Amino acid sequence: MLSIIIISTNLMIPFYTVVAAETNCSNGDIVIAQSRVGTLPSGIPSFSVEITNACARACSISNLRLKCGMFASAVLVNPKIFKRQVVDDCLVNGGSPLAAGSTISFKYANTFQYPLSLASATCG
């Protein structure tokens with residue numbers, strides 16, 4: 001069972017934080033935050049994304065997949081960090097574990113901000 005809660009939205013500067021917790025995940029949380037960080041010389045907006053394992057205990061989360069639509073970027077995103085596998089399925093950290101308290105981040109550029117949300121993860 002997966003629950004998603006929107007924590008905050010700032011209408012002046014788009015910044016969304018989504019917490020998703022898997023009930024069998026020893027209180028493990030994945031926090032996804034993104035915000036607009038500027039504009040490329042070409043005029044394309046750029047965004048920063050941070051994905052954090054906010055687990056209260058020493059639990060790692062692996063095989064982290066996000067719903068990401070048709071994600072694409074005008075700048076290269078390291079595929080070891082974030083890679084669209086197929087439509088609406090992006091793999092985080094190459095599927096490797098994200099330790100408790102760790103954050104993985106990347107920047108992308110597109111004419112709009114992609115809504116990113118947790119699809120699945122393996123806890124343990």
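I will talk through one sheet of this structure, the strand S7 inside it, and the core beside them. Keep in mind that this is a predicted model.

Start with the sheet. Four strands make up an open sheet, and the order across it is S6-S7-S5-S9, with antiparallel pairing. The edges are strand S6, residues 82-86, and strand S9, residues 117-123, each of which pairs on one side only. From one strand to the next, the twist averages 25 degrees.

Now S7, which covers residues 89-92. What does S7 pair with? On one side there is S6, antiparallel, over four bridges. Strand S5 also pairs with S7 in the antiparallel sense, over two bridges.

Some individual positions, if you want to find them on the screen. Leu91 in S7 is the bridge partner of Lys83, and Arg65 stands opposite Leu91 as well. Further along, Val86 is opposite Asp89 of S7. The hairpin of S6 and S7 has two residues between the strands, and in it Asp88 takes a positive phi near 65 degrees.

Next, the side chains. In a regular strand they alternate between the two faces of the sheet. In S7, Asp89 and Leu91 point one way, while Cys90 and Val92 point the other way. Are these four residues buried or exposed? All of them are buried, Asp89 included.

After S7 comes Asn93, which sits in the loop between S7 and S8. Asn93 counts as buried because its relative accessibility is 18%, and the cut-off is under 20%. Setting aside neighbours within four places in sequence, Asn93 is in contact with Lys80, Ile81, Leu98 and Ile104.

That leaves the core. Nonpolar side chains in soluble globular proteins tend to be buried together. Here, the largest nonpolar core has 22 residues. Which of them touch the most other members? Those are Ile51, Leu66, Phe71, Phe82, Phe106, Tyr108 and Leu116. The elements giving two or more residues to this core are strand S3 (29-39), strand S4 (45-53), strand S5 (61-67), S7, strand S8 (103-109) and S9.

Take Ile51 as an example. Leaving out neighbours within four places in sequence, Ile51 has contacts that include Ile30, Val31, Leu64 and Leu66. Val92, from S7, is also in contact with Ile51. Others on the list for Ile51 are Leu98, Ser102, Thr103, Ile104 and Phe106.

To put S7 in place once more: S7 pairs with S6 and with S5, and S7 gives two or more residues to the core.

How values were computed. Residues numbered from 1 in each chain as written. Predicted model: local features only at pLDDT ≥ 70, side-chain atom pairs only at ≥ 80, totals over all residues. Heavy atoms only, no water. Pairing = 2+ DSSP bridges. Axes fitted to C-alpha atoms, helices over the stretch in contact; angles between N-to-C directions. Core = buried A, V, L, I, M, F, W, Y, C linked by side-chain atoms within 4.5 Å. Buried < 20%, exposed > 50% of the residue type's maximum accessible area, 1.4 Å probe, protein only. Contact = heavy atoms within 4.5 Å.
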